[in-house]
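Trainee: Please take a close look at a single part of this model, the aromatic residues and the surface around them.

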Amino acid sequence: MPLSEHEQRLLDQMERALYAEDPKFASALEGTGLRTYTRRRVYLAAAGFVVGVGLLMGGMIAQPKFIWLSVVGFLVMLGCAVVAVAGWRRHPAAGGAGQGQRSAPQAHRKANVMDRMEQRWQRRRDEHDGL
């Protein structure tokens, strides 16, 4: 559920107060944890992909007995590739647009959706209060 304008203003005031009181702590909370988590997840997926290649090759070398090892290696590679690509897409570029900076059409479209949802919520509350 989106925040109303009043709630958004209160949140902005709280953020400014936090930055004024303790800028070091506020900068530590800015969201680096999510970026670090995403980056670590991509690196682990890349390492898992390499392990999957090793399993695939090991299964191919020991062909008759351990063909299932190749299948497991392929599945590991596929899973790790999906995790890495999904994490990479969510990870903001270092010099590019950050989380709060979206393209104009996407931001406008999201604002329209949020406005409609908020209007619906208000109508429901008004109807409920009138009963």
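**The aromatic pair and its surroundings**

Mentor: One aromatic pair turns up in a search of the whole structure. Phenylalanine 66 and tryptophan 68 form this pair, edge-to-face, at 6.1 Å centre to centre and 65° between the planes. Rings of Phe, Tyr and Trp (its six-membered ring) pair if their centres lie within 6.5 Å; planes under 30 degrees apart count as stacked, over 60 as edge-to-face and the rest as tilted.

This is a predicted model, in which local features need pLDDT of at least 70 and side-chain atom pairs count only at pLDDT 80 or more, while totals for chains, interfaces and linings use all residues. Residues are numbered from 1 along each chain as its sequence is written, and side-chain values use heavy atoms, with hydrogens and water left out.

Phenylalanine 66 is partly exposed, at 37% relative accessibility; buried means under 20% relative accessible area, exposed over 50%, and partly exposed in between (1.4 Å probe, protein chains only). Both ring residues belong to a nonpolar surface patch of about 470 Å², made by Met60, Phe66, Ile67, Trp68 and Val72. Patch residues have over 30% relative accessible area and no salt bridge, and nonpolar side chains (Val, Leu, Ile, Met, Phe, Trp, Tyr) are joined within 5 Å. A salt bridge is a side-chain nitrogen of Lys or Arg within 4 Å of a carboxyl oxygen of Asp or Glu.

Helix H4 (residues 67-90) gives the most to the nonpolar patch, three residues; helices are DSSP runs (H or I, at least four residues), numbered from the N terminus. Valine 72 lies in helix H4 and is partly exposed, with 35% relative accessibility.

Conventions:
Patch = residues over 30% accessible without salt bridge, like charges linked within 9 Å, V, L, I, M, F, W, Y side chains within 5 Å. Areas by Shrake-Rupley, 256 points an atom, 1.4 Å probe, with all protein chains shown as cover. Helix = DSSP H or I, 4+ residues; strand = E, 2+ residues; numbered from the N terminus.
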